[in-house]
Amino acid sequence: MQTTVLTEKEVCEYCNGQGYYQLLLGGSETCPSCQGSGKKKGTDR
Ligand SMILES: [Zn+2]
């Protein structure tokens with residue numbers, strides 16, 4: 001089994017690029033890590 005590492009992606013690991021993440025109790029919150037952009041911070045410069 002090959003392991004493919006997508007290092008070129010700017011998708012936030014926290015919310016998987018959705019811009020928000022699921023709460024354990026239900027519902028969703030805007031991702032504080034990427035501010036709802038769905039992308040990692042600091043990589044676009
Ligand atoms: Zn995020």
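**Notebook: contacts, strands and two odd phi values**

I started with contacts (C-beta atoms, placed from the backbone, within 7 Å): residues 24 or more positions apart make up 20% of those in the protein chain with a separation of 6 or more.

Note to self: this is a predicted model, where local features need pLDDT of at least 70 and side-chain atom pairs count only at pLDDT 80 or more, while totals for chains, interfaces and linings use all residues. Numbering runs from 1 along each chain as its sequence is written.

Next I looked up secondary structure, taken as DSSP runs numbered from the N terminus (helices: H or I, at least four residues; strands: E, at least two). The protein chain has two strands and zero helices.

Then burial: buried needs 20 or more other C-beta atoms within 10 Å of the residue's own, exposed is 12 or fewer, partly exposed is in between, with C-beta atoms placed from the backbone. I get 9% buried out of the 45 residues of the protein chain.

I pulled up Glu10, in the segment before E1. Glu10 sits 5.2 Å from Lys39, C-alpha to C-alpha, with their positions 29 residues apart in sequence. Glu10 is partly exposed, because it has 14 other C-beta atoms within 10 Å.

Last, backbone angles. Most residues other than glycine have a negative phi, so I flagged two exceptions. Asn16 has a positive phi near 60 degrees and lies in the segment before strand E1 (20–22). Asn16 has 13 C-beta neighbours inside 10 Å, so I log it as partly exposed. Gln35, not a glycine either, has a positive phi of about 60 degrees. I found Gln35 in the segment after strand E2 (28–30), and it counts as exposed because 12 other C-beta atoms lie within 10 Å.

How values were computed:
Two residues are in contact if their C-beta atoms, placed from the backbone, lie within 7 Å.
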